[in-house]
Amino acid sequence: MTQTRNERLLLAGDGLSAFGSWIDFLAILTLAAYQFHVTSYEMAVVSAAGLLPGMLLSPWIGRLCDTRNPRNILLLSIAGRVLATAAILLCHDYAVFLALVGLRSVFASVAPPAINVMAVQCVASDRRPRFYSVLNVLNNSAKVLAPAIGTVSSSLASESFALAMSLVFSLGALVVFACIRLAAKPAGADAGKASSTSPDTPATPHTPPLAPLIWVAATCAFFIFMVNNLVPLVLQQSGFDKALLGVLVSCSGAGNILSGLWLAQRAASHVPRGDIGELVLPATLQALGFGATGYLLWLKPLHADLFLPLLFFVIGTFSARYAIAMNVHIAAHFAGAIGRVWGVLGAWQNAMILVAPMIGAAVLDALGAGWLFAFSTGSALASFTLFYALRAGGMPRLQVSALPG
């Protein structure tokens, strides 16, 4: 009963936290544009301030979550994020605004490793596929709904009101997470092999190599974010109506959510094996979906505005499979150092978020919209081909893929 209660609280807290984080992130960008009247260069600095501090500190934060009580660290981080957001509401100086955005970035980077460490402690291994499927649905619901909530509240009231709304969600998450009671040892069958998840016990050094996981995660972040931030420009250059952007975002989110719900229903009968291929396959299918998108942009058939939403829906379903497989794989292989692993992955993924859009912009300017998607697909296929070639060649750091036995 306690375990099921903790699962429900963890899911509810994550959902509230995700809504709060997305609303205040988007409100901060709007605030930068309309209150501080930043240039495009200054907006890039705001985006960097929202990523770099958390990226640099993520590995250390992850290790801290492994060796200390992750719930207490999470509560402190949410309280810090609330205070930083409240200070942004009162801020009228651009330099102070940037500092507060950077501070918020540090507090926001605590949630992924802390929540995943808590999940290993609260959720038995046989229940994790379903748990991570529902978690993915909540996170993607926040991605789809929070921008709409933030946009509507900003239009009807102000960016400050949107930020105040995010404080309500974050405080709700704080209350819910505070109700979770962690056991001294992780739940289920992992108790024997992941005793380091006890709050006061250091993480075990006997973990598999991280290189395969980093390679796959960094590749996936690279080819996705090469395209994601440039979709509005792609649609504009290709002659589509700007309303299509909202349709594509909604279709991708719908595919992600529906796929997550379907995977949650079949989790009991289709338990993941923990193989790295369960990450590579949906990532590759996403990349091929981008390639099909590029082909459509080249051909420009009569009803391209109908085919593109369908493609984005399909890509969204593969995105859900990838996200769930990632969570299950990490929990299976790295239960004793899950905070450190998520911290390292967060740093790599944020690095790709900074670098990939610049490369994508260069490709878009030089070659056009179709080639941007083709280049994204080609980079993913080349990276995964090299990955498997090096594994087949016996490179030791890339050999661990499935659980022993």
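The following questions and answers concern aromatic pairs and residue burial in a predicted model.

User: How are residues numbered, and which confidence limits apply to this predicted model?
Analyst: Numbering runs from 1 along each chain as its sequence is written, and side-chain values use heavy atoms, with hydrogens and water left out. In this predicted model, totals for chains, interfaces and linings use all residues, local features need pLDDT of at least 70, and side-chain atom pairs count only at pLDDT 80 or more.

User: How many aromatic pairs does a search of the whole structure find?
Analyst: Rings of Phe, Tyr and Trp (its six-membered ring) pair if their centres lie within 6.5 Å; planes under 30 degrees apart count as stacked, over 60 as edge-to-face and the rest as tilted. On this basis, the search of the whole structure yields nine.

User: What is the angle between the planes of Phe19 and Phe169?
Analyst: Phe19 lies in helix H1 (residues 2-34) and Phe169 in helix H8 (residues 159-178), so the pair ties together parts that are 150 residues apart in sequence. Helices here are DSSP runs (H or I, at least four residues), numbered from the N terminus. The two rings are stacked at 5.5 Å centre to centre, and the angle between the planes is 20°.

User: Is Phe387 buried or exposed?
Analyst: Buried means under 20% relative accessible area, exposed over 50%, and partly exposed in between (1.4 Å probe, protein chains only). Phe387 forms an edge-to-face pair with Tyr388, and Tyr388 is partly exposed at 36%. Because its relative accessible area is 0%, Phe387 is buried.

Terms used. Helices (H or I, at least four residues) and strands (E, at least two) are DSSP runs, numbered from the N terminus.
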